[in-house]
Amino acid sequence: MRIALLLWLLDLSALGPLPHKGARGDFLRALKLEEARKFTEAAPIFEDLVGRYPLLAPYHAYHGARCAYFAGKHRAALRLLDRVPGDSVLDAEARLLRADVLRAQRNEDGAAQVYRDYLARYPKGMRLAEVHFRLGDHRRAYILGTTTSWADRAAPHVDPASLTAPEQVRFRYQLEGF
């Protein structure tokens with residue numbers, strides 16, 4: 001009697017269709033592969049689970065995108081990130097991962113736009129320091145007229161103190177306008 005009442009209160013039909021047999025096991029297996037840093041093996045499992053297990057599709061898409069990104073498959077990562085809904089709990093993390101993927105593709109302007117969108121949507125987000133650092137790095141590269149960013153450690157670092165006085169003033173005002 002108690003179980004029937006509990007099931008009635010929970011109304012499990014609201015969860016949607018149950019996953020196909022084995023989907024839960026595949027999800028746990030893919031998570032363990034991701035944890036073991038076997039990204040090339042985990043990414044296709046997550047991508048397959050997006051359609052097979054719709055209840056957790058945003059999680060599958062996000063973790064699949066992470067695995068694809070770390071495996072070097074940037075287009076697949078962006079395709080999976082498109083499947084994370086904007087109202088999902090994972091939206092903030094998915095936006096930052098999208099920016100990381102764009103940076104890996106050397107699309108610094110696209111990444112900076114994603115960071116600005118993140119700040120507009122999550123002004124008190126958990127990773128504000130990282131976003132401001134990445135935007136500042138992008139802004140520094142833009143001001144100095146280089147395409148190098150913090151990720152390009154082989155590029156020579158330009159210290160603002162080594163600039164001439166007019167360049168320092170322009171550098172400071174442009175950074176403060178940010």
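Helices here, like strands, are DSSP runs, with H or I over at least four residues for a helix and E over at least two for a strand, and both are numbered from the N terminus. With that in hand, I can place His60, which sits in helix H4 (residues 57-70).

Before I go on, a word on what we are looking at. This is a predicted model, in which local features need pLDDT of at least 70 and side-chain atom pairs count only at pLDDT 80 or more, while totals for chains, interfaces and linings use all residues. Residues are numbered from 1 along each chain as its sequence is written, and side-chain values use heavy atoms, with hydrogens and water left out.

Let me begin with the overall picture. The protein has 9 helices and 0 strands, and reading along the sequence gives the pattern α-α-α-α-α-α-α-α-α. Of its 178 residues, 36% are buried, where buried means under 20% relative accessible area, exposed means over 50%, and partly exposed is in between, using a 1.4 Å probe and protein chains only. If we take contact to mean heavy atoms within 4.5 Å, then among the contacts with a separation of 6 or more, 48% are between residues 24 or more positions apart.

Now back to His60. What does His60 touch, once residues up to four places away in sequence are not counted? The partners are Phe27, Phe46, Leu49, Val50 and Tyr53, and His60 itself is buried, with a relative accessible area of 0%.

Two of those partners also meet each other through their rings. Rings of Phe, Tyr and Trp (its six-membered ring) pair if their centres lie within 6.5 Å, and planes under 30 degrees apart count as stacked, over 60 as edge-to-face and the rest as tilted. The structure holds 4 aromatic pairs by that rule. In one of them, Phe27 and Phe46 have ring centres 6.2 Å apart and planes at 75°, so this pair is edge-to-face. The pair joins distant parts of the chain, since Phe27 belongs to helix H2 (residues 23-35) and Phe46 to helix H3 (residues 39-52), 19 residues apart. Both Phe27 and Phe46 are buried. Elsewhere, ring pairs link Phe39, Tyr69 and Phe70 into a cluster.

Phe39 and Phe46 come up again beside a charged residue, Glu34, which is found in helix H2. Is Glu34 buried or exposed? With 8% relative accessibility, Glu34 counts as buried, and, leaving aside residues up to four places away in sequence, Glu34 touches Phe39, Ala42, Phe46, His63, Arg66 and Cys67.

Let me turn to how helices pack, starting with H4 and H6. Axes are lines fitted to C-alpha atoms, for helices over the stretch in contact, and angles run from 0 to 180 degrees between N-to-C directions. The axes of H4 and H6 come within 11 Å and cross at roughly 20°, which makes H4 roughly parallel to H6; angles under 35 degrees count as roughly parallel, over 145 as roughly antiparallel, 65 to 115 as roughly perpendicular and the rest as oblique. On the H4 side the contact is made by Tyr62, Ala65, Arg66 and Tyr69, and on the H6 side by Glu93, Ala94, Leu97, Asp100, Val101 and Ala104. By class, this contact has 7 nonpolar, no polar and 3 charged residues, where Ala, Val, Leu, Ile, Met, Phe, Trp, Tyr, Cys and Pro count as nonpolar, Asp, Glu, Lys and Arg as charged, and the others, Gly among them, as polar.

The second packing is that of H6 (residues 91-104) with H7 (residues 108-121), whose axes come within 7 Å and cross at roughly 165°. H6 and H7 are therefore roughly antiparallel to each other, and the residues of their contact divide into 8 nonpolar, 1 polar and 8 charged. Among the H7 residues that meet H6 is Tyr115, and Tyr115 lies 9.6 Å from Glu130, C-alpha to C-alpha, at 15 residues apart in sequence. Glu130 lies in helix H8 (residues 128-143) and, at 22% relative accessibility, counts as partly exposed.

Finally, two loops. Most residues other than glycine have a negative phi. Arg37, in the loop between H2 and H3, has a positive phi of about 65° although it is not a glycine, and at 61% relative accessibility Arg37 counts as exposed. Arg106, in the loop between H6 and H7, likewise has a positive phi, near 65°, and Arg106 is exposed, with a relative accessible area of 56%.
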